Amino acid sequence: MVRHPLGNHHDGPDTLLVTPDAMGTGPVAAETANLQEVIRRARFVLFDFDGPICRLFAGHSAETMAKDLVEWLERQGLRGLLTEEERVHPDPMAVLYAVNRRHPHSDLVVELEERLTQLELKAAPSAWPTEFADPLIRTWSAVGARLAIATNNSARTVASYLESRGLIGCFAPNIYGRTKELHRLKPDPYCLVRALKAMGAAPHDALMIGDTPTDFHAARQAGVPLLGYARDAERERELRSTGAEVVVSSLEPVLHIVRGEVGFRG
């Protein structure tokens, strides 16, 4: 059964970095042209998951999930495995990385990764769709682009969410997520390269949509242009400081361009 939450939930205002009134002026006009160019050139589109498609932990605090992993380690008698800073880190991935650094390729890492996957799967039903993401995905797929997911989240989590939104057919089977080889997570380009090879795509014909510096670095290493999605000013600063040149704070202008519209309607 397909689950579609009422409305199109998002976190805070999604104002455009490129606005209709300013499209004809200076740097904004140049960025608008760059946005149109990278979108219209893309025959293959690689999406990061948590951010550009949804807010995975909107209904389940990531900090609470990190605490769950720490408490699980403590129950195994492994409290000393983490530093004090790592024990209070709000990102569950940071806990997983820390354990992997000390016990790479171990059964402990495999168990901890599976526990994180189960926490992600628990969070997926209450994830908030990113505004305009659903229609953008459907439209891009309908006009003939090949779509893939390249994420540090579990592929099982991604598939669960996409199935609930009726979007799985736009991506399957090209969903590339976290593997047991944690050193291959972004910023390593491994999942992007897998997606490109599976689709028979040349990097210059593809586009990565991501919201973190790790997405930028992975895309650059894979030779794929990046379209940054920044839902707030801090994310925009982070992306631009890494070198991202084309950044939007809403997927609305992307949707309009994919639909073949020349301007942005409010």
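**A pocket, two cavities and a run of helices**

The largest pocket holds about 770 Å³ of space. A pocket here is an open set of points on a 1 Å grid over the protein atoms alone, with protein on both sides within 12 Å along at least five of seven lines. Its volume is the space filled by probe spheres set on the points, which are joined across faces, edges and corners. The model is predicted: local features need pLDDT of at least 70, side-chain atom pairs count only at pLDDT 80 or more, and totals for chains, interfaces and linings use all residues. Residues are numbered from 1 along each chain as its sequence is written, and side-chain values use heavy atoms, without hydrogens and water.

Which residues lie closest to the centre of the largest pocket? They are Asp50, Phe57, Asp91, Thr212 and Arg235, out of 28 lining residues. A lining residue has an atom within 4 Å of a point. Five helices each give two or more residues to this lining: H2 (62–75), H4 (92–102), H5 (107–123), H10 (213–222) and H11. Helices are DSSP runs of H or I, at least four residues long, numbered from the N terminus. By class, the lining has 10 nonpolar, 6 polar and 12 charged residues. Asp, Glu, Lys and Arg count as charged; Ala, Val, Leu, Ile, Met, Phe, Trp, Tyr, Cys and Pro as nonpolar; the others, Gly among them, as polar.

Now follow H11, residues 233–242. At its start, a side-chain oxygen of Asp232 comes within 3.3 Å of the backbone nitrogen of Glu234. After H11 comes Gly243, with a positive phi near 120°.

H11 packs with H10 at an angle of about 30°, the axes 9 Å apart. H10 is therefore roughly parallel to H11, a label for angles under 35 degrees. Their crossing is right-handed: the near helix is turned clockwise from the far one by less than a right angle. H10 also meets H9 (residues 190–199); these axes come within 8 Å and cross at roughly 50°. That makes H9 oblique to H10. The crossing of H9 and H10 is right-handed.

Enclosed space comes last. There are 2 cavities of 30 Å³ or more, a cavity being a set of points where a 1.4 Å probe fits but cannot get out. The second largest cavity holds about 40 Å³. Its lining includes Thr151, Asn152, Arg178, Glu181, Tyr190 and Cys191. That lining divides into 3 nonpolar, 4 polar and 3 charged residues.

Key. Polar contact = N/O pair within 3.5 Å; in protein donor to acceptor, adjacent residues only side chain to side chain. Axes fitted to C-alpha atoms, helices over the stretch in contact; angles between N-to-C directions. Parallel < 35°, antiparallel > 145°, perpendicular 65-115°, else oblique.
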